[in-house]
Each structure stands twice: as structure tokens, then as C-alpha cells.
Amino acid sequence: MRKESIINNRKIYKRNRLMEILRCSDENLSRYDLKKISGYSMSSVLELSKEMIEEGLIYEEECEESRVGRKPSWLKINPDGGFYIGLEFNAQYMNVVVMDLIGNILYKETRVTAGCVNPHHATLEQILDQIRNMLETAIQKVDDKNKIIGIGMGIPGYVDPQRGYSYGYSRIPSWKNIMIRDLIQQETGIPCYIQNNVSVMTLAYKWLNYNGNSNDFVFISIRTGIRMVTISNNRIVTGKGAFAGELGHIRMNNGSRICTCGRYGCLNSEISDPSLINIIKEGFQVHHFQRIFEIAGENEENVTIEHYVQAVLEGDEDAVQLMKRVADTLGRALALVVNIFAPGEVVLSGKQFGIGEIFLDEIRKTVKADAITQNYENLRIKKSEFGGEIGAIGAACMVMEEYFSYQDMEV
């Protein structure tokens, strides 16, 4: 039995390796090309490609180039050979996407988390009902449910991906101690994978921007909190218990505001989206941020990060000064990251980065001043190209990575 298992694992390993070669190549590849790149025997490539064609994972395309002798047949991944579903949420929004086998987004939807209910007061059942409803809608978008390879979920707060367990999320107190993976698998009959919601965002970059080869970058998300994910040697650095990357809980010297963790001066409490909204509302009391007040319809309860971004882009003095303050605070924290990890690239994600290059330039200025020269040289600091659904896209990419993974398989 053990011998049969080893043989089967080797076969799956080889199949997944060939699938990754096809998925990550920008060129047409024949069976002979797969043999050269993989190092497998031609008989193995012929057998595996035959099986993958029969399964509908790949298809053949005739070479149309003018050539002497027999023309090769190109092997291509079949977009309709399978589908991934990704869902991600935080205290503000819940997102879901459906992707085909090569990563095209076929369907996406965004809803306010818990509907009109304040997420802090939302019940566990309200959140679960919304997850069920959005997943059900996404599943219905696929003609053949049997072709759904899996559901990926980006869960906020602290999670255990191996157990499929969510410990909790401070901004939705009812969301705690949930075996969410098993629950969704039992209810849908579809394999499910979970990971922290910011961690899965990096997978969108790894697979859709870098073709599976992202050896060296840091991803930082600013939404209701601030979290960092590091990719090293093409893998997420998770640390003990998968809790690495809590950049939002480093203490800032000039910080004075209380954080959700109960301490004062955390980066989260200074520059996260909710913190900026609170700073702006406090400013209203002394007649600051009047342009933001106007954009929000002169109702402070309507103020959003988008209103702040608009005011900065209009050149409003109060908004621009706040932007510079945020850039300096983030830049000092980011300089610590750069000095410790020396990444080649830093990707910044969140609505605040809708301000664009003027915000990034202020951040770069502070990082350059605080980081050592050797680590700052050739460093790229840019904003994410993805929109608010990046977490759901990354969650779908997690299914892709899990299903077609070969690097960690026992053979």
C-alpha cells in the first residue's frame, strides 16, 4: 500500500510540475520542450500529457508556423478545465471571485460586511450567512460544479491554516474559535483552504503578476489594520503559528492613540483607515479638514477614506499635511522593514494609495533617510495594481497553489 502511494505521489508530482511549466511560460511549448525543461523521460511526458488532455486540463494546438519537417503540437492549459473560488473579508467589505484555470476572473462581487449592521456588533451567524450566500452565488456561476477545484478563504485576524481554524478578529468580536474550513467543506462538498486575508493577497501577485516566481518582495496592506507579508525564496514567511507580519502592532515613538490590542502608540492606531477617519473627525471640531467635510455632504458620519484621498488630490492644505504626516510615520516603519529584510520590492495596498505618486514619493523620502544606503539602492516602492478584490483573487490563487503544488510533496 505504501509503495502504491509513493508511485501515485510521484505521478501527481510530475503532473503538477508540467502544469506549472505550462502555466508560467510565455512561449508555446511542445512535448519535447516539456521533456527538456522538466528533465523527465519522453515516455513520462507522453503518458502524463495524454492523461491531462483526457481530464480536460490541457489541450493541443497545431503549430501554424512555416517549418521544415513535422510540425509540433503546442500544449496549452484549458481555461475551462477547472475553476477556483476565492472569498475574503474584513470589518468593511466581503469579496468573492470565480477564476478559471489560468487565472481569468469570470465573476466578482463586493458587499458591505454584515450588510447594514455595524460589524463590531454583528453576530457570528450574520457573518456566516453572508459567507454562505456569496459562495452559493459564486458556485452558481459555474456551469459544472464538479469542475470547481476548490474554495479559498482569506480570513481576517489570526488563523491556523493547517487545522482550518480561525482564532478570532478584534474588529468583529463574535468571529472567534471557528473551524471555518471544515464547516464550508461540509456544506458545499468542495475542498476548502484558508489563510490570513492579507497573506493570500500576496498570492495574487505571486501567480498573476510574477508567474509563480516571486523570490523577494514585501507586501503591506493598510485597511482596518496594517499587516505585512514577506515572500522569500518564493514562499510566504509565516513564522510560528502563522502569525508573522503584524507590522501594525509595532510601537511608534510619537504615537499616543489607543489600539484595538489595548496598547497605546501602535502603528495601527496612527495611520490605519479607521484611525485616519477619527483624526479627521476630531479635526472638524477645530474647523480643520473643511474640504473633506464639504465632500462628505457636511455630515461627519459619512466621511470615508475616498473623501480624504479626493481632498489631497485637490490640494487641500489640511488633507495634504495629514498625508505627509502619514507618509512620515509609515516611512519610518517601512525603513525598519527594509533594514531587516532588504527586499527588492515593496508593494503597498489600500485605499489611501489612491493618492498615487505624491504619497509614494513622501514615503520614499523618509525610507531613504532612515534606511541604510545599501538596502535602499534599487529598492522599488509601488502601490498595488489590484483593486479591493485583491484578497478574494489571492484566495482563489491559494487553491491554484494548493491543488497544483509539487514543491512540498512527499515523493
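The protein has 411 residues and a radius of gyration of 24 Å, which agrees with the value near 22 Å for a compact globule of that length. That radius is taken over C-alpha atoms, and the globule rule is 2.2 Å times the number of residues to the power 0.38. This is a predicted model: local features need pLDDT of at least 70, side-chain atom pairs count only at pLDDT 80 or more, and totals for chains, interfaces and linings use all residues. Residues are numbered from 1 along each chain as its sequence is written, and side-chain values use heavy atoms, with hydrogens and water left out.

The C-alpha atoms fill a box of roughly 80 × 50 × 40 Å along the principal axes. Of the 411 residues, 51% count as buried. Buried means under 20% relative accessible area, exposed over 50%, and partly exposed in between (1.4 Å probe, protein chains only).

Next, the secondary structure. There are 14 helices and 15 strands. Both are DSSP runs numbered from the N terminus: helices are H or I with at least four residues, strands E with at least two. An open sheet of 5 strands runs in the order S13-S12-S11-S14-S15, with mixed pairing. Its edge strands are S13 (235-236) and S15 (380-383), each paired on one side only. Two strands pair if DSSP finds at least two bridges between them. Strands S11 (residues 216-222) and S12 (residues 226-232) run antiparallel and are joined by 7 bridges. Here Ile-222 stands opposite Ile-226 in S12.

Now the charged side chains. The structure holds 28 salt bridges. Each is a side-chain nitrogen of Lys or Arg within 4 Å of a carboxyl oxygen of Asp or Glu. One of them joins Glu-51 and Lys-11 (2.7 Å, N to O). Glu-51 lies in helix H3 (residues 42-55) and Lys-11 in helix H1 (residues 2-24), so this pair ties together parts 40 residues apart in sequence. Glu-51 counts as partly exposed, at 24% relative accessibility. Lys-11 is also partly exposed, at 32%.

A salt bridge also links Glu-20 and Arg-23 (3.9 Å, N to O). These two are 3 residues apart in helix H1, so about one helical turn separates them. Both are buried. Elsewhere, Glu-125, Asp-129, Arg-132 and Glu-187 form a network of salt bridges.

Last, helix H11 (residues 317-341). Phe-341 lies in this helix. At 38% relative accessibility, Phe-341 counts as partly exposed.
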